[in-house]
Amino acid sequence: MKIIRTRDYKDMSRKAANLISAQILLKPDCVLGLATGSSPIGTYDQLVEWYQKGDLDFKQVKTVNLDEYKGLNHENDQSYYYFMHHHLFDRVNINPANTNVPNGMAEDGEAECQRYEDFIGSLGGVDLQLLGLGRNGHIGFNEPAESFAKMTHCVDLTESTIEANKRFFASADDVPRQAYTMGIGTIMKADKILVVVSGEDKADALAKTVYGEITPEVPASILQLHKNVTIVADEAALSKMPK
Ligand code: F6R
């Protein structure tokens, strides 16, 4: 695992955007795996800025998002579909037909998971997968568990994730209880993985991810087995790394 140390959130976002930008320059029709949440917002803002300056072209880029809440439609401003359009897709020249988020409104959840997994395969896999890190070590919505989930699947969210995400909703009761997520196996198939981590509340999870035992109790710890992971983290997130 390669760790890039950054001063703060802004510095982290700029460096992560640099790596994504390099991916697009090297392969203009690349497949990007994307994440939502607070961690990548600054990265998306930076990409938008470079696009506006004429330094980046999303015309041929394809994207697949990690996850989506079950039961939220595209118009719901808490859906990850909405988030991605708001923070990135509507601000650059990406073809909307090339952007993909699991369908939170699918009637048959199992069929939707299979469709999404097959669809990623049909694109030839993900060139660069962007991830945030949950405080409990989750990636996507792969929560601490007894085993690593391989494929795209539907999960019950843990209390800690509901608690962490309630800031975006009117109340904790409004946070959906289930979500669709790429599995750990889906994520691990990506050619390259880029993790953005900021803030002291992530420091424990980051130390366990990099130096801890590889266990489904800390889902991100599996990344130790991936051949090409870059973690871009700020000082606060790195504050509990062994000296
Ligand atoms: C988002 C996702 C989640 C977040 C994680 C960290 O698509 O899959 O795993 O990356 O919960 O969230 P933030 O960045 O809000 O701290």
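**Figure 1. Antiparallel pairing of strands β7 and β8 in the predicted model.** Strand β7, which spans residues 153-156, is joined to β8 by four bridges, and the two strands run antiparallel. Within this pair, V155 of the one strand faces A179 in β8.

**Figure 2. Antiparallel pairing of strands β4 and β8.** Strand β4 covers residues 67-69 and strand β8 covers residues 178-181. The two are connected in the antiparallel sense by three bridges. E68 has Y180 in β8 as its bridge partner. Strand β8 thus appears in this view with β4 and in the preceding one with β7.

**Figure 3. The open sheet of seven strands.** The strands follow the order β1-β10-β9-β6-β2-β3-β5, and their pairing is parallel. The edge positions are taken by β1 (2-6) and β5 (99-100); each has a single partner strand, so one side of each is left without a neighbour in the sheet. Strands of a sheet pair through backbone hydrogen bonds, in either a parallel or an antiparallel arrangement.

**Figure 4. Parallel pairing of strands β3 and β5.** Strand β3 comprises residues 62-65 and is linked to β5 by two bridges in the parallel sense. V64 lies opposite N100 in β5. In the order of the open sheet, β5 follows β3 at one end, and β5 is an edge strand with a single partner.

**Figure 5. The residue shell around the ligand.** The ligand is located in the largest pocket. It is surrounded by 14 residues, of which S39, D67, H138, G140 and K202 are the closest. Classified by residue type, this shell contains four nonpolar, seven polar and three charged residues.

**Figure 6. Side-chain contacts to oxygen atoms of the ligand.** An N or O atom in the side chain of H138 lies 2.6 Å from an oxygen atom of the ligand. For T36, a polar side-chain atom is found 2.9 Å from a ligand oxygen atom. The side chain of R167 places an N or O atom 3.2 Å from an oxygen atom of the ligand. Taken on its own, the ligand has 410 Å² of accessible area, and the protein covers 91% of this area. H138 is also one of the closest residues in the surrounding shell.

Methods:
Residues are numbered from 1 along each chain as its sequence is written. This is a predicted model: local features need pLDDT of at least 70, side-chain atom pairs count only at pLDDT 80 or more; totals for chains, interfaces and linings use all residues. Side-chain values use heavy atoms; hydrogens and water are left out. A residue is near a molecule or strand if one of its heavy atoms lies within 4 Å of it. A polar contact is a pair of N or O atoms within 3.5 Å; within protein, one must be able to donate a hydrogen and the other to accept it, and residues adjacent in sequence count only if both atoms are side-chain atoms. Accessible areas come from the Shrake-Rupley method with a 1.4 Å probe; for residues, only the protein chains shown count as cover. On a 1 Å grid over the protein atoms alone, a cavity is a set of points where a 1.4 Å probe fits but cannot get out, and a pocket is an open set with protein on both sides within 12 Å along at least five of seven lines; lining residues have an atom within 4 Å of a point. A molecule sits in a cavity or pocket if more than half of its atoms lie within 2 Å of its grid points. Ala, Val, Leu, Ile, Met, Phe, Trp, Tyr, Cys and Pro count as nonpolar, Asp, Glu, Lys and Arg as charged, and the others, Gly among them, as polar. Two strands pair if DSSP finds at least two bridges between them.
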